[in-house]
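Dear colleague,

I am passing on the structure we spoke about, and below it you will find my notes on what turned up when I went through it. Please read them with the structure open beside you.

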Amino acid sequence: MDSSVHLDNTVMQFGDFTAIQKTDLKIESGEFFSFLGPSGCGKTTILNMISGFLDPTEGDVKIGGQSMRGVPANKRPTSMIFQNLALFPLMTVAENIEFGLEVRGVSKSERKKASDRLLELVALEDSGAKKISELSGGQKQRIAIARALAVEPQVLLLDEPLSALDLKLRQHMRLELKEIQRKTGITFIYITHDQGEALTMSDRVAVMSAGKIQQVADPITLYRDPKTAFVASFVGENNGIRGKVIDSNPDFVVLDCGPLGKLAGRAQGNLAIGSDATLFVRPEHFRLQAEDGMHTLKASINEVNFEGAYLTLNASTPADQALSIQLATHQYSESLKKGTPVSLSYSEQDAIVIAGEDHV
């Protein structure tokens, strides 16, 4: 069955405000696809257009190749899990799961079969008779998923369903969601502002800003090869150093970074001599000593933060350029303290240069 979703040149306007700029995007059948971006970027608006709560001002939404224009939410082959889950507190777990089937007139015996099957899928086989109030936060998440899957949607829409959970439970539920998606083969469309969620679970991610999709790619490509300064800054930690292009070839670009000297990195697109650009170096790509064949920056440590498996050093150059460096915990020494001078090195293979100065 074709469960692809196509945003076919869709635009969404509210009066004079354009919430979603013209977007042409196809989400493949059986894909775990995420929309990632800050609050107000248009993620929820896109989800509402797919679900049928909003009709686009221009263009169309197609599910399984069929136009959804004018098709109400309750007639679309979709199901949604809301941020607050919206479970019914006075019903048992099984009654919650069976609710959508009951509305559709499915017999009691068939409803029971469906709820038993779905409880097994979400590893809560013995919880059907429990009240919702007896469940933990993670169990409630799983019941919300089971209820959404009960009506056998082609597409499952997830509106930041993990945002209310604590860190450990969120991390666990990421794995649970991905495993459920793999078992069912249903197209999952997930929206989040949490890059960890998007990168961990998704086959592909669309990074959004101000109603526009900046880049669509698999998580590793987004992290290693961002196409815009916004994506470079928003997806993972990054150090942005501004400069002017003084030398350029198809592979590498050299920037004049003023007091920081000449620095180089991989070229992202065509960069003209004399144009403004930003060089991005991930914190984990800095080394704490000058090394041959690498570019070097002089800096001074301002703060050392212990974060379990790694250390984050906040540093600044003599030109007041703020830098973040990430080290494995075993690299810690007592010499790493406020005021310590360091020579930070990086390989130009590990840096990327993107046109313009604007970033998060």
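**Salt bridges**

K113 and E110 both belong to helix α3, where they sit three residues apart, or about one turn of the helix. Residues three or four places apart in an α-helix point the same way, because there are 3.6 residues a turn. The two side chains form a salt bridge, with the closest N and O atoms 3.5 Å apart. K113 counts as exposed, at 54% relative accessibility, whereas E110, at 39%, counts as partly exposed. Please keep in mind throughout that this is a predicted model.

A search of the whole structure gives twelve salt bridges, and one of them joins E31 to R204, with 2.5 Å between the closest N and O atoms. Since E31 lies in the loop between β2 (17-27) and β3 (32-36) while R204 lies in strand β9 (residues 204-209), the pair ties together parts that are 173 residues apart in sequence. E31 has a relative accessibility of 8%, which is under the 20% limit, so E31 counts as buried; R204, at 23%, counts as partly exposed.

K244 and D276 also meet through their side chains in a salt bridge, at 2.7 Å from N to O. This pair links distant parts of the chain, given that K244 is in strand β11 (residues 239-248) and D276 in strand β14 (residues 276-281), 32 residues apart. Both partners are partly exposed, K244 with a relative accessibility of 41% and D276 with a relative accessible area of 31%. In addition, R170, R174 and D194 are joined into one network by salt bridges that share partners.

**The six-stranded sheet**

Six strands make up an open sheet with mixed pairing, in the order β6-β7-β8-β3-β9-β10. Its edge strands, each of which pairs on one side only, are β6 (78-81) and β10 (212-217). On average, neighbouring strands of this sheet are turned by 20° against each other, with direction ignored. Within the sheet, β3 and strand β8 (residues 187-192) run parallel and are joined by five bridges, and F32 stands opposite F188 in β8. Helix α5 (residues 167-184) packs on the sheet, where it touches β3, β7 (155-159) and β8, and the direction of α5 makes about 160° with that of β8.

**Helix α2 and its surroundings**

Helix α2 spans residues 93-103, and its buried residues include V93, A94, N96, I97, E98, G100 and L101. The buried residues of α2 pack against two other helices, α3 (108-121) and α4 (137-150), so that α3, the helix that holds K113 and E110, returns here as a packing partner of α2. Just after α2, G105 adopts a positive phi of about 85°.

**H295 in strand β15**

The last residue I looked at is H295, which is placed in strand β15 (residues 295-306). Its side chain makes a polar contact of 2.9 Å with the side chain of E348. Leaving aside residues up to four places away in sequence, H295 touches K262, L263 and A264 as well as L344, S345, Y346 and E348.

With best regards

Technical notes: Residues are numbered from 1 along each chain as its sequence is written. This is a predicted model: local features need pLDDT of at least 70, side-chain atom pairs count only at pLDDT 80 or more; totals for chains, interfaces and linings use all residues. Side-chain values use heavy atoms; hydrogens and water are left out. Helices (H or I, at least four residues) and strands (E, at least two) are DSSP runs, numbered from the N terminus. A polar contact is a pair of N or O atoms within 3.5 Å; within protein, one must be able to donate a hydrogen and the other to accept it, and residues adjacent in sequence count only if both atoms are side-chain atoms. Contact means heavy atoms within 4.5 Å. Buried means under 20% relative accessible area, exposed over 50%, partly exposed in between (1.4 Å probe, protein chains only). A salt bridge is a side-chain nitrogen of Lys or Arg within 4 Å of a carboxyl oxygen of Asp or Glu. Two strands pair if DSSP finds at least two bridges between them. Axes are lines fitted to C-alpha atoms, for helices over the stretch in contact, and angles run from 0 to 180 degrees between N-to-C directions.
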